[in-house]
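Please open the model in your viewer and keep the selection panel at hand. The tour proceeds by successive selections, each followed by a description of what is found there.

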Protein chains: 2
Amino acid sequence: MVVFLARGFERASIDELSEATGVVRQSLYHTFGDKRTLFLKALDQYGYTRFQWLIDELGRDRPVMESIRAVLNGWADGVSKSGFKGCLVCNSLIEFADQDKEVAAICDKHNGRIEKAFRDAIARGKERGELAASIDERAVAEFFANLGQGLALQGRRGIQRQKAAEICAVAEAVLAG
Amino acid sequence: MVVFLARGFERASIDELSEATGVVRQSLYHTFGDKRTLFLKALDQYGYTRFQWLIDELGRDRPVMESIRAVLNGWADGVSKSGFKGCLVCNSLIEFADQDKEVAAICDKHNGRIEKAFRDAIARGKERGELAASIDERAVAEFFANLGQGLALQGRRGIQRQKAAEICAVAEAVLAG
DNA sequence: TCAATTTTAGAATGTATAGTCTAGAACTAT
DNA sequence: ATAGTTCTAGACTATACATTCTAAAATTGA
C-alpha cells in the first residue's frame with residue numbers, strides 16, 4: 001500500500017489507510033482483524049507485485065548481461081524517479097528489524113526470491129559460456145541484491161539518476177572479469 | 001544513542017532515553033528543548049564517532065587496496081555481529097525520508113564524508129599507480145558507500161558473517177580490473 | 001548559615017490513534 | 001415484501017506518550 005510505503009507502519013493511521021484504499025475503517029477491521037495483519041498482507045503482496053518485473057527480466061531467454069543491465073537500468077530509473085518512496089521490504093526491515101518474526105520472514109522470502117532470480121540467471125550465463133566459470137553465482141547474486149537494497153535506501157531520500165546509474169555501472173564490472 | 005539506534009525515533013520514548021542515558025527527563029528537556037532536537041544531536045554525534053574508524057583506515061599511508069580491504073572486513077565483521085542494530089544514519093533516512101530537512105541534511109553530510117574518504121583514497125591509489133588510471137574515483141566511492149548502506153540494512157535484520165564477507169569479496173573485484 | 005538556584009520525582013495535561021460499539025442504511029435471498 | 005445479513009458513519013474507550021507543572025530535595029555561593 002502506498003500509505004505504508006510513504007509513512008511506514010507506525011505513522012500510517014487507520015484513517016489514512018481507510019481513505020487511501022476507499023475502504024471504510026470498520027471493513028478493514030472486519031477483513032483483516034487488526035492493523036498489523038493488514039500490514040502483513042500489504043507487505044507480502046507488495047513483494048510479489050513489485051519485484052515481478054525483475055524476475056521476468058532475469059528470466060528472459062537472452063544473453064545474461066543484457067538481463068542484468070536491464071535490471072540495473074530499471075533500478076537506476078526507479079529509485080531516482082521523483083516520488084520514489086523506497087522499497088517497502090527494506091523500509092520494513094529497518095522499522096521492525098527482527099522484533100516481528102513474521103515481518104522478518106516475509107522480507108526474507110522476497111529478498112530470497114530476488115537473490116534466486118539473479119543466481120539462476122548467472123548460472124545460466126555460466127552454462128552458456130557467457131560468463132566465466134569461476135564466478136560464484138551465489139555470492140554475486142547476494143551482491144546484486146545488496147546493491148538494490150542500498151539503492152532503495154538512498155532513493156528514499158532522493159538520489160540523482162546519474163549517481164544511481166554510476167553506481168550500477170561500477171557494480172556491473174564485477175561480471176566483466 | 002543506543003535507544004534511537006535500536007528502536008528508531010518514533011518508538012523511542014523519553015522515559016527509555018532518560019533511563020538509558022541516566023539523565024532524568026526534566027533535564028533532557030532543559031538541555032535539548034524537545035525530543036527532536038535531542039535526536040538531531042544524537043544523530044550528528046553518531047555520524048562523527050561511528051565512522052571515524054573508516055575514515056582513519058582509508059586515510060592510512062599504505063597501499064589503497066589494503067585500506068579498502070580493511071574497511072570491507074570491518075563492515076563484514078560489524079554488520080554480522082550479534083546485537084548489531086543497523087546504522088542510525090541509514091535507519092533515519094528511512095524513518096524520515098525527506099520529511100525532515102534537518103535530519104536529511106545530517107544524513108547527507110555523513111554519507112558525503114564516507115564517500116569523500118573513499119574518493120580520496122582511490123585518487124591517491126591512482127596517483128601512486130596502484131589502481132588503473134581509468135577508474136572513476138567518484139563513481140567507485142559512491143558505489144562503496146552504497147555497498148555499506150546495503151550491508152547496514154541487511155545487518156539490521158541479521159546477516160551471516162560469511163554472507164556479508166562474500167558480498168564484500170565480490171565488491172572488491174570492481175577495483176581488480 | 002541561609003537565600004537563591006538547580007535538580008529531581010512524579011503527578012497532570014493534551015493529543016493522537018488503535019480498536020470497539022451502536023444504530024441506522026443498504027443489500028440479499030426467499 | 002420482509003427477515004436476515006452486511007455495510008457505514010461516527011461516537012466512544014483505552015492507551016501510550018510528549019510535554020508541562022509542582023513541590024520537595026539537593027546544591028551552590030556569599
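Select B:Arg138 and A:Glu166 in this predicted model. These residues form a salt bridge, with their closest N and O atoms 3.1 Å apart. In total, 10 salt bridges are counted between chain B and chain A. The two chains also have 17 residue pairs in polar contact, both residues at pLDDT 80 or more.

Next, display the side of chain B that touches chain A. Helices H1 (2-11), H7 (88-96), H8 (101-127), H9 (137-157) and H10 (161-172) of chain B each give two or more residues to this side. The largest share, 14 residues, belongs to H9(B). Colouring this side by residue class gives 17 nonpolar, eight polar and 13 charged residues.

Now show both chains together. Here 38 residues of chain B are in contact with 38 residues of chain A. The chains bury about 3,800 Å² between them, and 53% of that area is on carbon and sulfur atoms.

Finally, select DNA strand C and its surroundings. Among the residues around this strand are A:Ser13, A:Arg25, A:Gln26, B:Arg25 and B:Ser27. Of the atoms of strand C that come within 4 Å of the protein, sugar and phosphate account for 52%.

Which backbone atoms should be examined beside the phosphate oxygens of DNA strand C? A polar backbone atom of A:Ile14 is 2.7 Å from one phosphate oxygen, and a polar backbone atom of A:Lys35 is 3.0 Å from a phosphate oxygen. For A:Tyr29, select the side chain: a polar atom there lies 3.4 Å from a phosphate oxygen of the strand. Helix H3 (25-32) of chain A and helix H3 (25-32) of chain B each give two or more residues to the surface near DNA strand C. That surface comprises four nonpolar, four polar and four charged residues.

Key:
Residues are numbered from 1 along each chain as its sequence is written. Chains are lettered from A and ligands numbered from 1 in the order in which they are written. This is a predicted model: local features need pLDDT of at least 70, side-chain atom pairs count only at pLDDT 80 or more; totals for chains, interfaces and linings use all residues. Side-chain values use heavy atoms; hydrogens and water are left out. A residue is near a molecule or strand if one of its heavy atoms lies within 4 Å of it. A polar contact is a pair of N or O atoms within 3.5 Å; within protein, one must be able to donate a hydrogen and the other to accept it, and residues adjacent in sequence count only if both atoms are side-chain atoms. Helices (H or I, at least four residues) and strands (E, at least two) are DSSP runs, numbered from the N terminus. Ala, Val, Leu, Ile, Met, Phe, Trp, Tyr, Cys and Pro count as nonpolar, Asp, Glu, Lys and Arg as charged, and the others, Gly among them, as polar. Contact means heavy atoms within 4.5 Å. Buried area is the accessible area (1.4 Å probe) that two parts lose on being put together, summed over both. A salt bridge is a side-chain nitrogen of Lys or Arg within 4 Å of a carboxyl oxygen of Asp or Glu.
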